Structure formats: C-alpha cells, structure tokens
Amino acid sequence: MMFLLSGTTRERSFGWRMALIVAALFGTLSGDALSTETNYSGHYELADAKAARTFSLEVKQTGSRADVSFSAAMADGSGAAPDGAGKGRVEDGVLSFSFKDSFNNEGTCTLESRNDGYHLSMTVIKVVDPSPFHFYGNVLLKKIPDKP
C-alpha cells in the first residue's frame, strides 16, 4: 500500500512538472507572438513641446518590417535641418533600423516604447557632415494620434 501511494505521488509530481513545462513553453511562445504584434506605425514628435527644435518621425510598419523617415529643424529656422530615411524591423518589441540623412551621414537607431514615451536612440556610424548632430542621440518622443 505504501508503494502504491508513493507511486501516485510521483505521478502527481510528474503531472505538475509537465504542466509547468507546458505553461512555460506556452508563455515563451505567446511572448514571441506579442513581440511581433508590436506595431510602431504612426507619427511621432518630440515629447518636450517647449523645445527650441522640432523632430518628427514617421513609421510605416508591415509585419515585422518597417520604413522610417524623419525630419528635424530648429524652431527659429536657423542651422541645419536634416531629413532622413531608413528601413528596419521589429524584434522583441524594439524597432531597429539604419538611416541615411540629407547630409549623407549614416547611422543606426532603435525605437522602444516605455512608460514615459517612446525612446529613440540614434547613433551616427558614418560621418560626412556633423552639422545636424545636435538632433541625434537619445530623443524622447510622443506618438501623435491620427486625426479622424
């Protein structure tokens, strides 16, 4: 009787372990599915409305692939005003893309949604003209809702 009872306990223990493994696998798979469901399509602007500069980002995402364009300028119209574009993809909830600006500089970027807004990190990897660099680096953006 004691052997039968311990066998039942083992079977229950095995059943619970299998249930935990299946739940963990399902959680991992559904997490991957969620990360590919992240959609960054839309229009973004600087979160600081009182900034002396403007920065606008446009994302058109289809599946995990995205086309990105941006433009920046000083509010008073002075200095460099770069435009740029690139292509990228969403992986693990982060949009990563490369860009080339109107000054022929090239770089890489990531866009990530966080509690306080959308964080754009821009790194220039090929320098041709540094005049627009004060627009690049870490930029906090807000997503602008589509107007009806």
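Which residue in β2 is the bridge partner of H43? Keep that in mind while you set up the view.

**Setup**

This is a predicted model, where local features need pLDDT of at least 70, side-chain atom pairs count only at pLDDT 80 or more, and totals for chains, interfaces and linings use all residues. Residues are numbered from 1 along each chain as its sequence is written, and side-chain values use heavy atoms, with hydrogens and water left out.

**Whole chain**

Show the protein chain as a cartoon. One helix and eight strands appear. Helices (H or I, at least four residues) and strands (E, at least two) are DSSP runs, numbered from the N terminus. The order along the sequence is α-β-β-β-β-β-β-β-β.

Switch to a surface. The accessible surface is about 9700 Å², and 59% of it belongs to carbon and sulfur atoms. Such areas come from the Shrake-Rupley method with a 1.4 Å probe; for residues, only the protein chains shown count as cover. Of the 148 residues, 26% count as buried. Buried means under 20% relative accessible area, exposed over 50%, and partly exposed in between (1.4 Å probe, protein chains only).

Contacts come next; a contact means heavy atoms within 4.5 Å. Among contacts with a separation of 6 or more, 37% link residues 24 or more positions apart.

**Stop 1: β1 and its partners**

Select β1 (42-46) and β2 (53-62). They run antiparallel, joined by four bridges. Strands pair if DSSP finds at least two bridges between them. Pick H43: its bridge partner in β2 is E58. A hairpin of six residues carries the chain from β1 to β2.

Now add β8 (residues 138-144), which pairs with β1 in the antiparallel sense over four bridges. Click E45; its bridge partner in β8 is K142.

**Stop 2: the largest pocket**

Stay with E45 and K142, because both line the largest pocket, a pocket being an open set of points on a 1 Å grid over the protein atoms alone, with protein on both sides within 12 Å along at least five of seven lines, where a 1.4 Å probe fits and lining residues have an atom within 4 Å of a point. The pocket holds about 160 Å³ of space. That volume is the space filled by probe spheres set on the points, with grid points joined across faces, edges and corners.

Select the rest of the lining: L46, D48, A49, A51, R53, T54, F55, S56, S71 and A72. β1, β2 and β3 (65-74) each supply at least two lining residues. β2 gives the largest share, four residues.

Colour the lining by type. Five residues are nonpolar, three polar and four charged. Ala, Val, Leu, Ile, Met, Phe, Trp, Tyr, Cys and Pro count as nonpolar; Asp, Glu, Lys and Arg as charged; the others, Gly among them, as polar.

**Stop 3: two loops with positive phi**

Go to D92, in the loop between β4 (83-91) and β5 (94-101). Its phi is near 55 degrees, a positive value in a residue other than glycine. D92 is exposed, at 60% relative accessible area.

Move on to N104, in the loop between β5 and β6 (106-114). N104 is not a glycine either, yet its phi is positive, about 70 degrees. N104 is partly exposed, at 39%.

**Stop 4: F133**

Finish at F133, in the loop between β7 (117-126) and β8. F133 is partly exposed, with a relative accessible area of 25%. Leaving aside neighbours within four places in sequence, F133 is in contact with N105, V124 and V127. Draw a C-alpha to C-alpha distance from F133 to N105: 9.5 Å in space, 28 residues apart in sequence.
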